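Work through the exercises below with the sequence and the 3D view side by side, trying each task before reading its solution.

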Amino acid sequence: PSESEEVTVTVLDLKATEGFLGPKISILIPVYRESDLLEPLLTDLLRDPYRFKEVLVVIDKPTEISINVVKRFQNKITFILNGERVGKAKALNELFKRTTGEILLFLDSDLQLQANRESFMETLAREMEGVEILDIKKSIIRSSFQAKLVHYEYLASSLVSWLFSKKIGKCLGLNGAAFAIRREAFQRLGGFRRMLSEDFDLATRSFLEKLSFKYSDKVAVSVKPCSDWRSWYKQRKRWSIATGVWLKGYYRQLAGIVVSRPQVMLLSLPLMLPSLVLLPLNFLLPDAIYCQATSLALLILASYASLALPFTFPATFGIPVAKNVLAAVLSYAGFSAIYFLSAKKLGYCFNPGEFLCFYFIYAPISLLMIIIGLFRVATHNDRIDLDWKV
């Protein structure tokens, strides 16, 4: 379409599923151009036996593939097609005006619903009882080595979300690929704001408004990863700048939260960014102790075997290197244990070899990109590519 066009073809069956009379759920799905997972996602949503639901899809700059999907579902789903790019936040806010459900379920178009014996929607409705925001378990589709490394980012994100759910009962940030919020809460927050991290921003405002929050692993989705490292780099570059903008906008409030909730906040940061631990750990391991212990051991050895004496000086100078290696080994062992136990509890897989690559290669690169993003936002010297989201 050359201009915004609405195709309203929703069919609603308002009979409740047997044995459970739940609230009506509005499912909102934003799409930019097209998604190869959109059709199977819509199929799964329509097949779900929970009948108090409506599915709404907004597509910015639809392609021929997207239009064909619209034609196949035109008697069952509401579609809004924007011939021009209006942005994710604005598109979802406009789509919200078409909804009538008590619960809003936001789903990205590049994910799959994980198989469950029970109805996905019914389980969601039950998990939302007494809660205003629900974070849904998200795992990565492990289709490549790159995806297997990204998998541990999702594990860390779920762990932090679970931690906030259990310890505080409020949500400071979340991955917006899949989450649910009550209609009244969304209206109270004024919907999404026009920014890169619209999901994180919404979550932070919900924290400040003291909205109740819960993490659930009973409803889960699998997210499609970036197709290659170039796409991953572009995505992480955008995320790093979004993090900088988020911190710049909320640093005063975040400082207050750290003071009031130091245990949770200070624990969550290294869980999300494990590379932050290596540097302070090096400082915590004093050189003097290692130098003295090694020199003493070599001198004692030299008293019995004079051939050991020449190695005393080189060994002493090698202590800083040995200390760095020891710090790396200790931190890796510690985080391996944490991630292994967390994966077991939250239902994720864990592979020591994959985590080794994640911890020593992937995580430091991700941290470096975040630091660069923070610097760019702080200096205002870099033109920020806002992408399709805004």
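**Exercise 1. Find the members of the largest nonpolar core that touch the most other members, and the helix that gives the most to this core.**

Solution. A nonpolar core is a set of buried Ala, Val, Leu, Ile, Met, Phe, Trp, Tyr and Cys residues joined through side-chain atoms within 4.5 Å, where buried means under 20% relative accessible area, exposed over 50% and partly exposed in between, with a 1.4 Å probe and protein chains only. The largest such core has 98 residues, and of these I29, L42, L105, L124 and I181 touch the most other members. Helix α5 (residues 145–167) gives the most to this core, with 11 residues; helices (H or I, at least four residues) and strands (E, at least two) are DSSP runs, numbered from the N terminus.

This is a predicted model, in which local features need pLDDT of at least 70 and side-chain atom pairs count only at pLDDT 80 or more, while totals for chains, interfaces and linings use all residues. Residues are numbered from 1 along each chain as its sequence is written, and side-chain values use heavy atoms, with hydrogens and water left out.

**Exercise 2. Describe how strand β8 is covered and how it pairs with β5 and β7.**

Solution. Begin with burial: four of the five residues of β8 (residues 178–182) are buried, so the strand is mostly covered. Next, look at the pairing, which requires that DSSP finds at least two bridges between two strands. Strand β5 (residues 103–107) runs antiparallel to β8 and is joined to it by five bridges, with F179 in β8 as the bridge partner of F106. Strand β7 (residues 133–140) also pairs with β8 in the antiparallel sense, over three bridges, and here I133 stands opposite I181.

**Exercise 3. Determine how α8 and α9 pack, and which residues meet.**

Solution. First take the geometry, using axes that are lines fitted to C-alpha atoms over the stretch in contact and angles that run from 0 to 180 degrees between N-to-C directions. Helix α8 (residues 229–260) and helix α9 (residues 262–272) pack at an angle of about 115 degrees, with their axes 5 Å apart. That makes α8 roughly perpendicular to α9, a term for angles of 65 to 115 degrees. Then list the contacts (heavy atoms within 4.5 Å): I257, V258, V259 and S260 in α8 meet P262, M265 and L266 in α9.

**Exercise 4. Locate K61 and K210, and state the sign of phi in each.**

Solution. K61, in the loop between β3 (53–60) and α2 (64–72), has a positive phi of about 50 degrees. K210, in the loop between α7 (198–208) and β9 (213–223), has a positive phi near 65 degrees. Most residues other than glycine have a negative phi.

Note on methods. Angles under 35 degrees count as roughly parallel, over 145 as roughly antiparallel, 65 to 115 as roughly perpendicular and the rest as oblique.
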